[in-house]
Structure formats: C-alpha cells, structure tokens
Amino acid sequence: MSTLTATGTRSAGAPDAAPAPALRARHRRNRLRVLLFLAPGLVGFAVFLVYPLVMTVWLSFTNSNMISPAQFVGLRNYRFMLDSDPQIWQAVRNTGWLVVIMVPAQVLFALGVAMVTARLKAGAGLFRTLFYLPALAPPVAATVAFVCMFNPSSGPVNQLLGLVGIHGPLWFDSPSWSKPALTLLALWGSGTVMVIFLAALLDVPAEQYEAAELDGANPWQRFRYVTLPAISPVVLFATVTGVIAGLQYFTQAMVAAQVANGNIQAAPGYPNGSTMTFPEELYTSGFNQFHAGYACALAVVLFLVSMAFTLVLLRRASGFNPQETQETPL
Amino acid sequence: MTSYAPASARAARSASPHRAARSRARRRRALVWVADHAVAVGLACAFVGPIVFVMLTSVMTDQQSLSSDLWPRHWQWSNYTTVFRTAPFGTWLINTVVYAVAATGAMLLSSIPIAYALARFRFRGRNAAFLAVITMMMLPPQVLVIPMYLMWARLHLTGTIWPLVIPSLFGDAFSVFLLRQFLLTIPEDYLNAARVDGCSELRVLTRVVLPMMRPAVVAVGLFAFFNAWNDYYGPLIYTGETPAHWTLALGLASFKTSHAVQWNLTMAATLIAMAPVIIVFFFAQKAFIEGVTLTGVKG
Amino acid sequence: MPGSQHRRGFHTARARRRSCAVALAAATALVASACSTGGGTSGPDTGAGDTSPVTITFWHGFSSPHEIASVGAVLALFHKKYPYITVKAVPAETDDKVNQAIRGGTAPDVDASFNAANVGGWCSSGAFLDLTADIQADHVDLGQIPKAVQSYTAFGGKRCTMPWLADTFGLYYNKKLFAAAGITAPPKTMSELAADARKLTVLNPDGSIKVAGFMPYLGAYEMLTEHLVTSWGGSWLKADGSSNVGTDPAFAAAMTWQKSLVDWFGAAKLAKFKAGMPDEFSAQNSFETGNLAMMVDGEWRTAFIKNDKSTVDYGTAPMPVADTMPQLYGSGYVGGNVIGIPRGSKHPDAAWKLVKFLTTDTEAVTTLADAIGNVPTTLPALDSPSLTLAQDPKFATFLDVFKNPHTSTTPASADGGAYLTNYGLFANKWQSGQIPDLQAGLKAVDRQNDAALKLGQ
C-alpha cells in the first residue's frame, strides 16, 4: 500500500530499456492518477485504521480512563483479564456459543431455505422476497419485537406452544434459553445468506444433475457430489463472514437484555450475564466504567481473533485472493 | 391406476409399463410440488408472522397488550400519534434520515473512484491495497472505538452525528469491495474504446463505467443507507449524551424502559422504525437481491 | 446512553420514568448544546467578586413536567439572588451521558445525578472537581448535613459532590388485601414478611401467580440486594475499601432468607410473573393495580400513586428487619441525589454558587423537597416548619427512616460501583439456583471486587 509506484501503463508490455521521454511522462501521469483516485482511501486507511490500531495497542498497556492522562501500567490489564475479571470468561463463553452454535445454525437454515426456494415452480420470486424481507428489519426493531413475542407472560409464542401442549420456556428471561432465543432471531434475519445461497444453487448447471440422475444417484448423493462442491466456496464465505459477525455480536444482545429486563438495573447480560458478549464487555469497561485501558486490551484480543478468521477467508476463498483478480493492462 | 384397466390392457401391453412409469413420475412430481410449496408457505408464515404481530400489537390498548390476546379488540390507531408525543421520534426520524443520506452520499463519492482504481489500474501495491480493504471490512468496529472516540472528542465532535458521517468521505471498505467485484465483470473492451477516443480516465469512469455500473451503485447505496439507518453502535457511542441527536435505533432501544410505556406503544415505535425499510425494499427489491448476490457470488 | 445503564440502581430507573418529557428535554438540549459549543455567550470568569453577566448550563435527571417546573422555580430563586448568573437547565440527563460528555469535553457547568454510587469513581478519576477549597473559602458549615449523607457525597478525602435531596426506602402495603387476608399490621420482622407474603399470594387456576404477596425475585421493580441487606445491617465495604460481603454474615443471612421465599413460589414462576409486570413507573404498576400486595419502594411512590390517580388503599412502614436484630427496626436504605461541577466546566465560580445555593439554602432545599416529594438533606431543612410533606403520615414514615441512626447506604468506592454490579450478578445467579455453595460464592465476589478496585488505580 505504501509503495504506489505505477508500473503498468497501456504499453506495459513494451521493453522498458531507455523509455522515451513521452513514456516517462505517461508513467508520471499514471502514478498521479492512481494517487488521485486512491487519495481518500489512503487518508482513511491512515486515519481510521492505522492510527487507531496503534493507539489501541498502546492504550492497552495504560490505565487510561479517557479523562485523566494515561499512565503506562505494563501488562496489568492483560493480567486482570486472565486471572481476575469476574465477567470475562462468561463473556468469552457466550461469544463462543454464538460462534459455534448460532452461526452454523444460521448457515444451515439459510441453506435449507434456499434449497426449498430453488425447487419452487410457482411463486419463487414472491417467496424469495418474503424470506429476505426480515433481513432488512433494523436489528433494534427486530429484537424489541422478538422480546415482546417471546415474553413468557403475555407473548404469543408460549401461548401457541401451550395450544399444542408444550409448556414454553422463559426465553429471554431464562439464562439457559436467552441465547437460543437470540439464535431464533438470527434465523429469522438470515435472508441475506439465503439469497447468496440461492444464487449459487441456481448457478449449478442443470446438466450435472441430469448426469448424476442417469448414473442413479439418489437425492442425498446428488446433493453431496453435485450441489455441495459447486456451492462450497459460497458456504465458506458465508461461514467465515458469519463467524466474524458473531465475534462482533452486540446490538441484539444488548437490546434484548435491556428490554426483557424491564427494570434497567443489572441489564447488561440479563438474565444472569447469559447474553453478555465479549464486545459488550469491552463497551461496558470502556464507556460505563472508567477502564478504557482495559477495554483496549480486550480490543487487542478481539482484533487478533477476528484477523485469524479473516486469514482463513483470504487463503481459502478465491474471490478474496488478489492474485486471481484479472490483470487488465491499461 | 392403469393396472386395473382390463379393456385396453391386452392391446396396450407393450406401451403400458412405460405409461405407468410416466404417470407415476407425474404423480410423484405433483406430490413433490405440493410438499415443496407447503414447506414454503409454512416458512413464509414464520418469516412474516413477527411483522404481522408487531402491526396487530401496535394498535392494541395498554391493557390488552399486557395480556396474551392476539387480535386487537379495539383498534387504537391513536397509538401512533401518542408515540410521537411521548418521545421525540420526529427528531430522531429526521436525524436518522440525515445520517443515512449524508453517509451514503459521502460513501459513493469516495468509494467509486477507489474501487475503480483497484479494479482497473495496475500499480505496485495494488494487492496490498486490496488486502487493506479486506482487513478494514472484516475488522470489528469495537477494536478501534476507544482511540476513535478520543480523537473525535479532541475535535469537539462527540455528541453529534459527524463522527458517523465523516469517515464515509474516505471510502467504505465493504462498498469498495462490492463495487470492485462488479467492475471486474465489465469487459475491458468497452473502456478501451472510450480511451481510444481520447477520454481521460475520469471521463471514462463518469461517462462509460458509471452508467454501466448503475445496478451496483444502487445496491451499494441502498446497503449503505440501511446500514446507517439500522446502526445502533455508532450513535450509541457518539450521540449518547445528547438525545436531541439520537437516531431511531437508539431511541427505540430505550423507549420502553425510559418512557414507562407498555408493549402497544413499543410495537408502534418498532413499526415506525421498520416501515421505511420495508417500503423502500418493495420498490428496490431487484437492486437489493442483485447486490446481495454480488456479495457472495465471487466468494 | 440509556441502554447501557447497568446496576445504576433505582435512581436511574427513576430517571427514566422522569423522561416523559424528553421532547422538551431534547429541545432544551439543542439550545444548550448550541450555546456550549459556541464557546459561551458570556465572558470568562475572572474571579469570585466578578459580577459580569454569565450563563451556565446545568444538567439534572428530573424529567416529568411537574419536576422540571419545580426545579425551574428554585432556579428562579437563585437568579433573584444572583441576577448576573443565568442558568440554562437541561433535564432528563443520566450519568452515562454526563460521563460521555466529560470525556468528549462537552460537560455542563453543573451536573446533578440520582446515583451516589458513582461518586467514588468521579472523585478518584477527577471527572468532578474537588469542592473543598470553595467550601473553605465560603465558610460553608458541613455540620448542617447529616453524617451519613456527608459520607456518600465525598470520597478519598475529596469532596467532589454535595447532597441534593435524598431517597429513602420502606415497605408499601395494600390495606384492602391485608384486611381480606386477616392481617392487621405491617410485618416488622423478615419472618413475618415471609409469612404474610404466603398468606397474601393468590394463584391462577393454571398455577401461575395472580397476586404476589411480596415479590422476592431480585430485579423486580425496587427489589434489589442493596435495599434488602439493610434489614440485616449489612455493610458492603471494610474500612480500607475492600469488599466485605464474604465476611459480614448479614449477606449470607439475607440471601438465605430471600432464596427460601423464592423457592416457596418457584423461581421460574416468579420470573414469569416478573416478565408480565407492567412498567414500574407507569400507571399500570403492579402495586397500584393490586397485583402486588407488598413491596419495597422509595418515598416518591406516594407522589406517583397520587399522580396516577390509583385507587389503591395503602400504607407505608419501615422495612421489616432480621428476627434477631429488632433494634434495627425503623431504619432503611437511603440513596442520595448528588450535585457537583464536572471537569471541563467553563464557569466554575458561578457553578459553585449554584451548587452552594441548591444544597445549603434552606428555602431552596425545602421548596424543592416539597414540590417533588423527596427527602431534604440538611438538618435545618428537615426541621423547617415550612416543610409541608412532614404532615402526610405516609410520607412521614420515610422522614423517620431517614433520621434513624441505623439507616445506611451503599458507600462510594473508587471502582465506580463495580462491587454492586458484581454482587448483583452473583445474587441473580443465586436466586436461579446457579450457585451451589453460598459462602464460597460470597468469598469469590470479595475477590472479584478487590481485583476490580485495583484495576482502577
């Protein structure tokens, strides 16, 4: 990124021994042009990524409270994280739960819905629209609606379950059901992934299915040997981006706790810290308590983990590999 | 069915198994059709149900919304005006529109040239630049929030929506990524034709490329708009201390507890936040779906 | 920001109730921010004797229309006394918001908070200015403030806030339901409370709760551990500021009492009942509608019952106390509203004049206390004949609790109230049966609290 020397011009293929003055001028023009087009991005990269990232790392070694000047405290914040923070392990477990259970559930559900939609002969477009619609609902609004629907006392969900003889759980008011309830909310809003899967499924050449059918493949075999290989890059993409979104999971957990609790006291992670996620812990430490330095230490951990997943994406998913982008000489 | 058709059985002996198989296949197809569509209808109910529930609850009385009745006994439409009287939803609505429009406009202005350069120019460091875009796209916003907050505080811009809008002027990673994916699909020949006519790159971009990438621009614009519209984290961090600068998402999240209202008003407020998104979606469905498809298809 | 308020106790919940008039608040905030970002229309303070016109901003948490008006009336008294100081009041503010404003450099000149638990964090982080020099310079007599109140408004030798009225907690009981159950007097011990709660409880045919005699489930309205442990005389912190909950037997006793009543109902049943309770500060409040026969609540409920035009026939009494500690009867939990000058105040001298006036001028204190139904925080105001509240016996209960020598509060701590957050989380897990060993659990809370205290240094 730092070396923005333009190498390619329309005559990039020409031997570059002793370039003519006109060519050199063109080189210069090209370099300038690249800089001009990229200028906002370069500024943004420096100001909104490099600078704050360096500062986050620095502040994680201080006792910053965002009010008085920060003092260097060595590894104290990291030590506190590892042995004393009463809430951090629960937050790690909660975020881990979301990544290990909610994200795969969302991917599988979206795949299932996409496969059903792909088979529809009538009204496929309408169904696709209806399935996608909830994905656009503002997360705060969707969460508020779900907490109301799943209210164990007045909500319709437990009432409907009661009609079929099921004694519904406490959902957002139960430490063991709050994350499953959030998962249902995530499934409801999984339309984006569904649309991506649907497009991939419709891209699988029909002849391949016909050939498989002629070979006597049963539906499972057709799925396993035709569909899956064809859509696996998209599944990987959806899974990794899902994992990264899972690591950032904040809004729904925070709003659900706040609305379900009713009484604002003890809201974060309500009930019993079961919805307290890692980023929420970071926010609380930095902005509600006076522990910005500690919040930065948590941020460094979050950064390392999400970068590890991004690396997986970069190495495995072709579209993210810059080497494979088409090189069009100007 | 064909097995007990004795009259024609002998005559049709040779053709019958064939026809039987075809008929069986047709019947199976019909059953599968019914099953598929039944599942789809079931799913549609599950997907649309919550929205219908919000609508119904939003016109109930206080008392009824505390019970488990599903159908409003008395349609209390005044809830919608009450919401605006109870909390400054009008102000929050305006703030949200301003934030969303400004952020989207700024994003398009900055991101299109960046995406164009990344997709179409050859220069040393291009791959690194692309990696930087991916990194920024995947980076949780929480990682940088403390230094960013301190930076905006030093500029005396906390408490306003500016810290949410200004970064869009410097390119949005997700939009750049998406636009770049689309630009790669435009055949180079079109551009070269324009270049041969002596157009500068800027003219090539504005006159040739931009019209061709309209669907992508619309999709990216819509995504950016709704990202801002739905954003809770950003306004929470930067406008928290000033309710006059809150957005709908922020106001809605605390509406029930801070205004001591029951579910009916809460659901009316919820629908107010949802409605614009739903309306725009029905008008711009195609662009949305194409945009989403673009996200994944290259992946 | 409102959502994030964790464990900010009743005061914050109350702040929320008071934001009925956020529309107004928002409009005022616009004006206020326009002024403060513009650098102020008034000249800078040059000294205490300077009487050139000055405008200061004042954030407070009151937000229901009659409360805003009452504050306005008191501010008018101030303006009459100091004509050159104009106060722009911004209602419906919360602690998170002022913390954010202090960090962002947009803090008001004066800020009032409903939550004394934050005082420790404010004093030790320097978020609020130390008022000691001003107090000495103006010869303000701190002796006119009750000792307990003095203690929760200062921390670590820094007096960074002054008390501005207080909230006191007691027992509210429904007289009609008492008569129906044959109960003649409010309970005085925790055993009596539990027995009465059982007698008063009515179940629906499906086994769910219709009327709860008492709601022992933590987090339901004002049922919080800090309001409960005063009945056992529990003290939260040791003299050195470290955590005391594992050592003081009051905490184990309180938790055991609470759990046994929870188990009598069934925790799941209570959680479901809680989920169905209408908003605490709405006119559908379960006590006001007769679905809750007894509850612990603050003195302000008397005013809400009046304003909501509730027909509930009720009485008030001090909280019952542990059977073994009858000497504690009459005491309770007190929580203070505090007022101070945030770091970044542009006119600290004028700001101090306002703080001094609001907290020590007897007329100012009694006027506001009467108008909004809160407890005054200076001895002269408490004894002032012009305090009309004292004549209402339902309110007088709370004045007596306030004056009781055993009445206590949650002390300020440098951890900014983290000890309460940690304990609240523990207590919630305890009541759901997630804590197998109570004593070990309490010891673990001690360790967590002490670690949190160290982090802030």
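## A loop in chain A with a cis proline

A:Pro271 sits in the loop that runs between helix 11 (251–261) and helix 12 (278–288) of chain A. In this predicted model, the peptide bond that joins A:Tyr270 to A:Pro271 is cis, with omega at about -5°. Most peptide bonds are trans, and most residues other than glycine have a negative phi.

Another backbone feature to look at in chain A is A:Trp171, which is not a glycine yet has a positive phi of about 45°. A:Trp171 belongs to the loop between helix 6 (156–163) and helix 7 of chain A. Is A:Trp171 buried or exposed? A:Trp171 counts as buried, because 24 C-beta neighbours lie inside 10 Å.

## Domains and confidence in chain A

The domain assignment splits chain A into domain 1 (21–59) and domain 2 (81–324). Taken over C-alpha atoms, the centres of domain 1 and domain 2 of chain A are separated by 36 Å.

The mean pLDDT of chain A is 85, with 88% of its residues at 70 or more. Confidence in chain A is lowest in helix 9 (residues 206–214), at a mean of 87, and highest in helix 7 (residues 178–188), at 96. Residues 1–16 of chain A have pLDDT below 50, and this stretch makes 39 contacts in the model beyond near neighbours in sequence. Residues 321–330 of chain A also stay under 50, with 20 contacts beyond four places in sequence. Where pLDDT is low, the predicted coordinates should not be read in detail.

## Annotated transmembrane regions

For chain A, an unreviewed UniProt entry annotates "transmembrane region" over residues 34–59, 96–118, 130–152, 181–204, 225–250 and 292–314. In the model, residues 34–59 of chain A are 100% helix and 0% strand, and their end C-alpha atoms lie 35 Å apart. Residues 130–152 of chain A are 78% helix and 0% strand, with 27 Å between the end C-alpha atoms.

For chain B, UniProt (again an unreviewed entry) lists "transmembrane region" at residues 30–56, 97–118, 130–152, 164–183, 204–226 and 263–284. Residues 30–56 of chain B are 100% helix and 0% strand, and the end C-alpha atoms are 36 Å apart. Residues 97–118 of chain B are likewise 100% helix and 0% strand, and here the end C-alpha atoms lie 31 Å apart.

## Where chains A and B meet

How many residues does the contact take from chain A and from chain B? Chain A gives 99 residues and chain B gives 83 residues. On the side of chain A that touches chain B, the largest share, 17 residues, comes from helix 1 (residues 21–59) of chain A. By class, that side of chain A has 70 nonpolar, 25 polar and 4 charged residues.

Helix 6 (residues 126–138) of chain B is a good place to see the packing. The 13 residues of helix 6 of chain B should span 18 Å at 1.5 Å a residue, and the end C-alpha atoms are 19 Å apart, which agrees. Its buried residues are B:Arg126, B:Ala129, B:Phe130, B:Ala132, B:Val133, B:Met136 and B:Met138. On the chain A side, the buried residues of helix 6 of chain B pack against helix 1, helix 10 (219–247) and helix 13 (292–316). Within chain B, they pack against helix 5 (89–120) and helix 9 (173–183).

## Domains of chain B

Chain B is divided into domain 1 (2–58) and domain 2 (87–297). The C-alpha centres of domain 1 and domain 2 of chain B lie 45 Å apart. The contact takes 4 residues from domain 1 of chain B and 6 residues from domain 2 of chain B. The side of domain 1 of chain B that touches domain 2 of chain B has 2 nonpolar, 2 polar and no charged residues.

## Chain C, and a proline that touches chain B

Chain C has 19 helices and 9 strands, and 61% of its 457 residues count as buried. Of the contacts in chain C with a separation of 6 or more, 76% join residues 24 or more positions apart.

Turn next to C:Pro278, in the loop between helix 12 (267–276) and strand 7 (292–298) of chain C. C:Pro278 counts as buried because it has 23 C-beta neighbours inside 10 Å. Leaving out residues up to four places away in sequence, C:Pro278 touches B:Leu66 and B:Gln262, along with C:Gln284, C:Asn285 and C:Ser286. C:Pro278 and C:Thr289 are 11 residues apart in sequence, and their C-alpha atoms are 10.0 Å apart in space.

C:Leu165 is found in strand 4 (residues 161–174) of chain C. Although C:Leu165 is not a glycine, its phi is positive, at about 70°. C:Leu165 has 23 C-beta neighbours inside 10 Å and therefore counts as buried.

Methods
Residues numbered from 1 in each chain as written. Chains lettered and ligands numbered in written order. Predicted model: local features only at pLDDT ≥ 70, side-chain atom pairs only at ≥ 80, totals over all residues. Domains from an automatic or database assignment. Contact = placed C-beta atoms within 7 Å. Helix = DSSP H or I, 4+ residues; strand = E, 2+ residues; numbered from the N terminus. Nonpolar A, V, L, I, M, F, W, Y, C, P; charged D, E, K, R; others polar. Expected span 1.5 Å × (residues − 1). Buried ≥ 20, exposed ≤ 12 C-beta atoms within 10 Å, placed from the backbone. UniProt positions renumbered as here; feature names shortened; annotations may be inferred. pLDDT = per-residue confidence, 0-100.
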